[in-house]
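This briefing looks at charged side chains and the pairs they form. Please keep the sequence and the structure in view while reading the points that follow.

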Amino acid sequence: KITSFIGLPGEKKDFIFEIVGATEKTLRSTQILIPVEDGKDISRFWSNTPDLYTDEVPPAIIQVRVDDAQYVGQVADEVEDLGLGAVTSDDILGIVGTIFGVVQAVLSAFGLIALGVASLGIVNTLIMAIHERTREIGVMKAVGASQGTIRLLFTTEGATIGFFGGIIGVAIGWALGFVANRVSHATFLRDFETFNISIVPWWLVVGVVALTTVIALLAALYPSYRAARLDPIEALRAE
């Protein structure tokens, strides 16, 4: 049942169709494919224009299909040369990409803030570790450990924190995404089996773990420098 919003007063008309098949259960399946003539009848009724799709009133929108995607731009240019407007799939993807780009920028900003806070947390943790292990550092220096060895010890500790922290974070994120996909498929996305809200590709896992390791390694440089500069005698006297 379709209501004409343009014609006054508003009227309703039933259009009855027989379902003969279903497309793949993706977001594209929200499109209903009907015969061309039936589509014309619906457009004429909805716009209250009986002469629509005739020589007197040509169609407002024409869908053009090309044999190969490489010809889309060329066909669009030829259509525009005829004095008509053309919107291609690339144009639509560009608009969608812009929207997702803004969302990604906002999420990236939150991610950078989280990385900064995590870096400060690692610095604080390692500095506290230096205070708690001052005598241990003094003993290591007394038995011949060099400043380079002390620096290596604490930078390795920081990198290890970042490495395992990245793995744990990815695991938690994957688990939450898995739950979100399951819940969505059981509720509002039950008709879109191939669409997932959360996808975790392998390159993202590697990138996240590598990034957290590098950030933690950089955060550990200052504490490791402080540990390496401790005077062994003063360190041995520490309580």
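Glu 37 is partly exposed, because its relative accessible area of 47% falls between the 20% limit for buried and the 50% limit for exposed. The model is a predicted one, and a search of the whole structure finds four salt bridges in it, among them the pairs described below.

**A pair within one helix**
- Glu 37 forms a salt bridge with Lys 40, and the closest N and O atoms of this pair are 3.6 Å apart.
- Both Glu 37 and Lys 40 belong to helix H1, which covers residues 36–46, and the three residues that separate them in sequence correspond to about one turn of the helix.

**A network around Arg 133**
- Arg 133 forms a salt bridge with Glu 136, where the closest N and O atoms are 3.7 Å apart, and Glu 136 counts as partly exposed at 41% relative accessibility.
- Arg 133 also forms a salt bridge with Glu 157, with 3.1 Å between the closest N and O atoms.
- Because Glu 157 lies in helix H5 (residues 147–186), while Arg 133 sits in the loop between helix H3 (89–132) and helix H4 (134–142), this pair ties together parts that are 24 residues apart in sequence.
- Glu 157 has a relative accessible area of 24% and is therefore partly exposed.
- Through salt bridges that share partners, Arg 133, Glu 136 and Glu 157 are joined into one network.

Key:
Residues numbered from 1 in each chain as written. Predicted model: local features only at pLDDT ≥ 70, side-chain atom pairs only at ≥ 80, totals over all residues. Heavy atoms only, no water. Salt bridge = Lys/Arg side-chain N within 4 Å of Asp/Glu carboxyl O. Helix = DSSP H or I, 4+ residues; strand = E, 2+ residues; numbered from the N terminus. Buried < 20%, exposed > 50% of the residue type's maximum accessible area, 1.4 Å probe, protein only.
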